[in-house]
Amino acid sequence: MFKTIAIIAAVAIVVFIVAVLILASNKPDTFRVQRQTTIQAPPEKIFPLINDYKQWTAWSPYEKKDPAMKRSFSGPATGKGSAYAWEGKEVGTGDMLITESVPSSVVRIDLNFSKPFEAHNKVVFTIQPQAGGSVVSWDMSGPAPLLSRVMHVFFNIDKMVGNDFEAGLAAMKAAAEK
C-alpha cells in the first residue's frame, strides 16, 4: 500500500514539474514592466530626482523596503557614468549605472542584480512636458531565462514590480509637487 502511494505521489510530482516546464517554456523570453503618472511640475524639477541617485531616497520604493541597506556611489554625482550599488537583506545586492542622461527628458540605466538572483535589465525614465506639468514614465525590460519564466508561471511580474513602480511614481509626484 505504501509503495503504491509513493509511486502515485512520484508520478504526480513529475507530471506537475513537466506541466510547469511546459507552461514556462511558452512564456516570452523577455519581460517589460512600465508605469506612468502625471506630475504637476515642470521636467526641470522632476529630472534631478531621477538623475541623482542620492535623491532616490525621497521617492524610490526600494529605499523604503530596506532602509538599513549598505549604499555606495561612484563616478560623477549625477548623469551619465553615475553609479549606485547596494547590499541589503530585503532588496538583495546589485548596482545601477546611468548610461544616458538627456536633461529634463530621459535617463537610461543599466540595472544589475547579483543576489538573490542574477539579472541584467534596462531601465528608462522619460519625462514629457504637458500643459500644467509632465508625464513621467518608468520602464524596465530584460531577458527572461527559463528560471525566470518558471517564476512567472506562479507570480505576475508585471503586477509585483508594477505595484512598486506605482508607489515610486506616487512618491516622486509628492516630492516634485512640494
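Which residue in β7 is the bridge partner of Pro 129? The first legend answers this, and every view comes from a predicted model.

**View 1. Strands β6 and β7 pair side by side.**
Ser 134 in β7 is the bridge partner of Pro 129. Nine bridges join the two strands. Strand β6 covers residues 119–130, and strand β7 covers residues 133–143. The two run antiparallel. Strands of a sheet pair through backbone hydrogen bonds, either parallel or antiparallel.

**View 2. Seven strands form an open sheet.**
Read across the sheet, the order is β1-β7-β6-β5-β4-β3-β2. The pairing is antiparallel. Where does the sheet end? Strands β1 (30–39) and β2 stand at the edges. Each has a single partner strand, so one side of each lacks a neighbour in the sheet. From one strand to the next, the twist averages 15°.

**View 3. Helix α5 lies across three strands.**
Helix α5 spans residues 157–176. The strands it lies across are β1, β6 and β7. Against β1, the helix runs at about 25°.

**View 4. Phe 16 and Phe 154 make a tilted pair.**
A search of the whole structure finds 13 aromatic pairs, and this is one of them. A pair of aromatic rings is described by the distance of the centres and the angle of the planes. The centres of Phe 16 and Phe 154 are 6.3 Å apart. Their planes meet at 40°, so the pair counts as tilted. Phe 16 belongs to helix α1 (residues 2–25), while Phe 154 belongs to helix α4 (residues 146–154). The pair links distant parts of the chain, 138 residues apart. Phe 16 is partly exposed, at 48% relative accessibility. Phe 154 is partly exposed too, at 47%.

**View 5. Phe 73 and Tyr 84 make a stacked pair.**
Here the ring centres are 5.1 Å apart. The planes lie at 15°, so the pair is stacked. Phe 73 sits in strand β2 (residues 70–74), and Tyr 84 sits in strand β3 (residues 83–88). Eleven residues separate them along the chain. Is each ring's residue buried or partly exposed? Tyr 84 is buried, at 3% relative accessibility. Phe 73 is partly exposed, with a relative accessible area of 37%. The charged end of Lys 54 sits over the ring of Phe 73, 5.2 Å from its centre.

**View 6. Ring pairs build a cluster.**
Phe 73 and Tyr 84 are among its members. Tyr 53, Trp 56, Trp 59 and Trp 86 also belong to the cluster. So do Phe 113, Phe 117, Phe 125, Trp 138 and Phe 165.

How values were computed. Residues are numbered from 1 along each chain as its sequence is written. This is a predicted model: local features need pLDDT of at least 70, side-chain atom pairs count only at pLDDT 80 or more; totals for chains, interfaces and linings use all residues. Side-chain values use heavy atoms; hydrogens and water are left out. Rings of Phe, Tyr and Trp (its six-membered ring) pair if their centres lie within 6.5 Å; planes under 30 degrees apart count as stacked, over 60 as edge-to-face and the rest as tilted. Helices (H or I, at least four residues) and strands (E, at least two) are DSSP runs, numbered from the N terminus. Buried means under 20% relative accessible area, exposed over 50%, partly exposed in between (1.4 Å probe, protein chains only). A charge sits over a ring if NZ of Lys or CZ of Arg is within 6 Å of the ring centre and within 35 degrees of the ring normal. Two strands pair if DSSP finds at least two bridges between them. Axes are lines fitted to C-alpha atoms, for helices over the stretch in contact, and angles run from 0 to 180 degrees between N-to-C directions. Contact means heavy atoms within 4.5 Å.
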